[in-house]
2 protein chains.
Amino acid sequence: MEPRPAAPGPCPGDSRGAEEAAAASSLNPAGAEAQPRRRAPAVAAVLPAGGSGERMGVPTPKQFCPILERPLISYTLQALERVCWIKDIVVAVTGENMEAMKRIIQKYQHQRISLVEAGVTRHRSIFNGLKALAEDQPDSKLSKPEVVIIHDAVRPFVEEDVLLKVVTAAKEHGCSDYDLEFGTECLQLALKYGHINAKLVEGSPDLWKVTYKRDLYAAESIIKERISQHICIVMDTKEDENHVGHYLEEILKNELNHVKVTSGALCPARDLEQIILEQCYNYVCVNVMSSDFEETRKLLNMLEESNLSILYPIVVISVYFLDYKSVPFDEKMESLIQIREYAKEVKKRNILLSGLLIYFPQDEQKLQASLRQGVTIIATLIKERNSGLVGQLLVA
Amino acid sequence: MEPRPAAPGPCPGDSRGAEEAAAASSLNPAGAEAQPRRRAPAVAAVLPAGGSGERMGVPTPKQFCPILERPLISYTLQALERVCWIKDIVVAVTGENMEAMKRIIQKYQHQRISLVEAGVTRHRSIFNGLKALAEDQPDSKLSKPEVVIIHDAVRPFVEEDVLLKVVTAAKEHGCSDYDLEFGTECLQLALKYGHINAKLVEGSPDLWKVTYKRDLYAAESIIKERISQHICIVMDTKEDENHVGHYLEEILKNELNHVKVTSGALCPARDLEQIILEQCYNYVCVNVMSSDFEETRKLLNMLEESNLSILYPIVVISVYFLDYKSVPFDEKMESLIQIREYAKEVKKRNILLSGLLIYFPQDEQKLQASLRQGVTIIATLIKERNSGLVGQLLVA
């Protein structure tokens with residue numbers, strides 16, 4: 001099994017983040033010795049995640065509440081993980097959630113994560129995380145960082161630029177770890193006890209904290225929207241540019257004008273491999289030449305091999321065309337009903353497969369109408385991303 | 001056309017709210033003359049709704065953003081309207097939105113609403129609303145209230161008990177109108193200028209304000225959840241208690257255990273009329289005896305006549321059973337495909353109709369499995385309430 005593709009972020013190709021953080025490092029007034037400029041600054045993150053989620057009104061602590069069947073904390077880990085200059089991420093969880101947390105790390109293939117036991121208060125949890133990062137732990141695999149970012153486990157939408165601002169401020173103001181919160185509570189603590197400098201770093205609305213049940217709803221909608229911004233159309237033919245598959249593509253582009261629509265072919269599959277690497281979570285497999293599942297099956301195999309669906313459910317819609325007059329309706333239906341079995345199979349790998357049969361009349365205006373209805377159905381399936389409708393054969 | 005049923009609330013039958021407000025009235029220290037105990041206190045509400053919604057990141061002002069295709073402000077009006085002791089509701093909107101606001105009031109049949117022009121600031125808008133409520137307006141149909149509630153147009157989830165607390169506090173503390181906000185901004189104003197008493201009334205998390213785009217998502221999910229809490233099963237037979245329709249009902253009750261499931265029959269339709277009056281927005285029409293649309297059509301007629309769908313889309317799922325072996329699949333399908341035409345028709349009246357064909361094998365275990373899948377599909381259609389899938393015939 002291949003590892004899942006890295007989450008989107010500037011890490012592998014773009015070293016901007018690390019360089020700017022390195023620049024911040026050279027400003028560090030608290031640095032005991034001069035740092036060689038080329039060394040990347042050592043940044044770690046501590047996530048206190050020992051909360052019980054009382055305000056949520058649900059029995060599960062909010063950091064473990066599922067969004068698209070994946071626990072909230074996994075989204076927060078993903079957001080920190082894709083920032084390559086954060087070397088270690090230490091999560092503080094209660095003893096009773098330790099095993100669940102290990103399973104989350106394994107299932108979603110999180111990297112650079114260490115676990116420590118949470119304390120009775122949030123500050124104790126942070127302290128435990130910091131202790132694990134300190135050099136004097138003999139059995140620790142962690143390296144002692146220059147800056148530690150303290151980040152709430154229930155703020156999943158943190159962006160790299162804010163984290164960079166925090167690190168830069170820490171370097172400039174030489175302040176201690178616990179004013180690196182994005183709230184004011186810890187800033188007030190720092191100012192009150194007064195032995196350290198503190199600076200409130202301007203956040204962004206994206207930094208909001210999942211507190212109430214309504215915030216879980218909002219988070220789910222935001223995540224669904226984010227992964228619906230790119231649709232890949234896989235066509236079983238390229239020969240004739242003037243066929244119904246291209247009409248469908250055109251209407252898809254016009255009706256969903258805020259969405260990026262790209263085409264990929266299964267043979268050669270280079271483009272498609274690139275699209276999968278770019279983490280596109282929506283595929284429309286348009287079958288113009290055939291009425292079988294060969295093309296869809298090839299696509300499903302590629303997606304399964306890529307492990308792209310570890311983090312998010314992938315929507316795959318297999319589209320067929322039907323001329324009511326020339327081909328008997330039931331004949332086509334009977335052969336397409338197999339989609340239910342495939343769908344059940346790939347559902348286990350977090351791929352949501354549905355079929356779409358588009359009526360293809362001779363009348364140009366009627367054809368436009370059924371293509372538009374087809375696009376509405378495609379948009380609905382992608383937007384809702386609900387596993388309750390997998391294996392259905394929808395008709396436009 | 002009948003008027004739409006009143007929104008849920010204690011008004012017509014239960015006079016608790018008005019009585020408590022009357023009790024609050026008798027405590028009024030600012031009351032110039034002794035009020036006869038039996039007179040209900042005159043309460044009005046002013047909604048400043050002149051905002052431009054800059055923080056939302058969308059061109060439409062947030063109070064006009066659609067939730068399930070209905071503007072947010074209509075939900076807020078509905079919340080105030082069902083409190084029968086609020087006699088008048090004055091909405092301040094900008095000149096350019098005046099016509100749109102009139103159409104909203106007409107389309108959703110809002111009652112007791114007056115419109116005034118918004119001012120350049122929020123406080124000016126409130127002032128204009130108060131002026132319209134003052135006695136000295138010669139052409140005003142409004143009666144001068146003793147207490148005015150100022151309520152944000154973008155807080156749609158306000159509950160009667162909080163409004164009552166506000167009215168009671170106003171009576172006790174004799175404070176002016178503008179501390180009746182649920183925030184602190186106006187309280188601070190009141191305290192700063194000091195000529196009046198002010199009291200901060202404890203709100204509830206439900207009072208949150210729709211500010212960002214994520215709040216619209218949350219509001220939509222909350223509304224969808226609220227109207228999905230009651231499902232009515234309409235059975236075309238009552239004769240035999242031991243048939244597949246009742247199995248389906250049992251599984252529906254077990255799997256959706258937080259949802260109220262009631263049964264109604266079309267003949268006699270008394271129960272069903274009652275269920276419609278109770279504002280149930282989800283109907284599962286189970287056809288055991290027939291494979292036509294007669295029962296579903298009767299139900300749709302009743303729903304259309306009730307005007308229940310003015311405020312929220314109603315989900316109707318027409319369920320059929322199929323023994324693959326005895327009845328040819330395509331024969332059943334061919335007759336059921338008509339559902340698309342009915343669906344298109346009732347969609348215009350905000351009714352979302354889909355069909356569900358449940359495989360009915362002799363094997364008991366397989367039957368249970370297909371019934372459970374049927375329930376999953378029913379739950380998905382009710383939960384998502386998306387018009388993109390109307391007219392589809394789903395298969396379990």
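## Two chains and their helix crossings

Helices α7(A) and α7(B) are roughly perpendicular to each other, because their crossing angle of roughly 115° falls in the range of 65 to 115 degrees that counts as roughly perpendicular. This is a predicted model, and every value below is computed from it.

**Where the chains meet**

Start with the α7 pair. Each of the two helices covers residues 213-226 of its chain, and their axes come within 8 Å. The crossing of α7(A) past α7(B) is right-handed. Which residues of α7(A) meet α7(B)? They are Lys213(A), Arg214(A), Tyr217(A), Ala218(A), Ser221(A), Ile222(A) and Glu225(A). On the other side stand Lys213(B), Arg214(B), Tyr217(B), Ala218(B), Ser221(B), Ile222(B) and Glu225(B). Sorted by class, this contact holds 6 nonpolar, 2 polar and 6 charged residues.

Now take the whole interface. In chain B, 33 residues are in contact with 33 residues of chain A. Together the two chains bury about 3,000 Å² between them. Of that area, 54% is on carbon and sulfur atoms. Three residues stand out on the chain B side: Arg214(B), Tyr217(B) and Arg340(B). They supply 19% of the area that chain B buries against chain A, more than any other three residues. Arg214(B) and Tyr217(B) also appear in the α7 contact.

**Charged pairs**

Side chains of opposite charge can pair when their charged atoms come close. How many salt bridges cross the interface of chain B and chain A? There are 2. Glu225(A) forms a salt bridge with Lys213(B), and the closest N and O atoms are 3.4 Å apart. Both residues belong to the α7 contact as well.

Over all chains, the count comes to 26 salt bridges. One lies within chain A, where the side chains of Glu159(A) and Arg82(A) meet at 3.7 Å, N to O. This pair links distant parts of the chain, 77 residues apart. Glu159(A) sits in the loop between β6 (147-150) and α5 (160-173) of chain A. Arg82(A) sits in the loop between α2 (72-81) and β4 (86-93) of chain A.

**Helix crossings compared**

Two packed helices are described by the angle between their axes and the distance between the axes. The table gives both for three pairs.

| Helix pair | Axes come within | Crossing angle |
|---|---|---|
| α7(A) and α7(B) | 8 Å | roughly 115° |
| α8(B) and α13(B) | 9 Å | roughly 60° |
| α9(A) and α10(A) | 11 Å | roughly 40° |

Take the pair in chain B. Helix α8 spans residues 244-255 and helix α13 spans residues 364-384, and they cross at roughly 60°. That angle makes α8(B) oblique to α13(B). The crossing is right-handed. Val244(B), Tyr247(B), Leu248(B), Ile251(B), Leu252(B) and Glu255(B) come from α8(B). They meet Leu367(B), Gln368(B), Leu371(B), Arg372(B), Val375(B) and Ile378(B) of α13(B). By class, the contact has 9 nonpolar, 1 polar and 2 charged residues.

The pair in chain A joins helix α9 (residues 270-277) and helix α10 (residues 294-306), crossing at roughly 40°. That makes α9(A) oblique to α10(A). This crossing is right-handed. Leu272(A), Glu273(A) and Ile276(A) of α9(A) make the contact with Leu299(A), Met302(A), Leu303(A) and Ser306(A) of α10(A). By class, there are 5 nonpolar, 1 polar and 1 charged residues.

**Backbone details**

Most residues other than glycine have a negative phi, and most peptide bonds are trans. Here are some exceptions. The peptide bond from Cys267(A) to Pro268(A) is cis, with omega near 0°. Pro268(A) lies in the loop between β8 (260-264) and α9 of chain A. In chain B, the peptide bond from Cys267(B) to Pro268(B) is cis, again with omega near 0°. Pro268(B) is found in the loop between β8 (260-264) and α9 (270-277) of chain B.

Which sign does phi have at Glu69(A), positive or negative? Phi is positive there, about 70°, although Glu69(A) is not a glycine. Glu69(A) lies in the loop between β2 (66-67) and β3 (70-71) of chain A.

Key. Residues numbered from 1 in each chain as written. Chains lettered and ligands numbered in written order. Predicted model: local features only at pLDDT ≥ 70, side-chain atom pairs only at ≥ 80, totals over all residues. Heavy atoms only, no water. Axes fitted to C-alpha atoms, helices over the stretch in contact; angles between N-to-C directions. Helix = DSSP H or I, 4+ residues; strand = E, 2+ residues; numbered from the N terminus. Parallel < 35°, antiparallel > 145°, perpendicular 65-115°, else oblique. Left-handed = near helix turned anticlockwise from the far one by under 90°. Contact = heavy atoms within 4.5 Å. Nonpolar A, V, L, I, M, F, W, Y, C, P; charged D, E, K, R; others polar. Buried area = accessible area lost by both parts, 1.4 Å probe. Salt bridge = Lys/Arg side-chain N within 4 Å of Asp/Glu carboxyl O.
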